[in-house]
Amino acid sequence: IDYGTRMNRRLHHLPFRALQFYTSYKASFAGIPTAWINPEYTSQRCQMCGHTERANRNKKRFKCQSCSHQDHSDRGASVNIAVKGMKKLDWNVPALNSLPVVRKVLFERRSLS
């Protein structure tokens, strides 16, 4: 949906750094550890085999050139950031020990008559 120039300006002026600060503040207040992780190349890196290549990402679609793993590029990047955090700070996150399988769902077209 094209919201127009005015709405784009409003969306791009959100204080992302302030949101990060408030999120980490609330997490630390609740006893949840936080860390700043460098997101460099995380959306181009395959979370299955570790292969990093610019051709792996095409807009929102991720397809590894090495092992043919397919995923949404933002989801893969978030998993890679979580893995970097686990390695950097030696965290134990059981939910990341086994990644969920992403399946394609085909919808059938039915006539309403």
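From the N terminus on, the elements of the protein chain follow the order α-α-β-β-β-α. That makes 3 helices and 3 strands in its secondary structure. The structure is a predicted model.

**The chain as a whole**

The protein chain has 113 residues, and buried residues make up 17% of them. Its accessible surface comes to about 10000 Å², and carbon and sulfur atoms account for 55% of that area. Among the contacts with a separation of 6 or more, 35% join residues 24 or more positions apart.

**Helices H1 and H2 and the nonpolar patch**

Helix H2 covers residues 16-29, which is 14 residues. At 1.5 Å a residue, H2 should span 20 Å, and its end C-alpha atoms are 20 Å apart, so the two values agree. After H2 comes Gly-31, which has a positive phi, near 85°.

Tyr-3, Met-7, Leu-11, Leu-14, Phe-16 and Leu-19 make a nonpolar surface patch of about 610 Å². Helix H1 (5-12) and H2 each supply at least two residues of this patch. Leu-14, one of the patch residues, lies in the loop between H1 and H2.

**Three residues compared**

The table lists the place and the relative accessible area of three residues. A residue counts as buried under 20% and as exposed over 50%, with partly exposed in between.

| Residue | Location | Relative accessible area | Class |
|---|---|---|---|
| Leu-14 | loop between H1 and H2 | 46% | partly exposed |
| Ala-55 | loop between H2 and strand E1 | 44% | partly exposed |
| Ser-73 | helix H3 | 1% | buried |

Why does Ser-73 count as buried? Its relative accessibility is 1%, and buried means under 20%. Ser-73 belongs to helix H3, which covers residues 73-89. Apart from its neighbours within four places in sequence, Ser-73 is in contact with Ser-43, Arg-57, Lys-59, Lys-60, Arg-61 and Phe-62.

Ala-55 is in the loop between H2 and strand E1, the strand of residues 57-58. With a relative accessibility of 44%, Ala-55 counts as partly exposed, because this value falls between 20% and 50%. Which residues is Ala-55 in contact with, leaving aside its neighbours within four places in sequence? They are Lys-63 and Gln-65. Ala-55 can also be placed relative to Gln-44: the two are 11 residues apart in sequence, and their C-alpha atoms are 7.8 Å apart in space.

Conventions: Residues numbered from 1 in each chain as written. Predicted model: local features only at pLDDT ≥ 70, side-chain atom pairs only at ≥ 80, totals over all residues. Heavy atoms only, no water. Helix = DSSP H or I, 4+ residues; strand = E, 2+ residues; numbered from the N terminus. Expected span 1.5 Å × (residues − 1). Buried < 20%, exposed > 50% of the residue type's maximum accessible area, 1.4 Å probe, protein only. Contact = heavy atoms within 4.5 Å. Patch = residues over 30% accessible without salt bridge, like charges linked within 9 Å, V, L, I, M, F, W, Y side chains within 5 Å. Areas by Shrake-Rupley, 256 points an atom, 1.4 Å probe, with all protein chains shown as cover. Salt bridge = Lys/Arg side-chain N within 4 Å of Asp/Glu carboxyl O.
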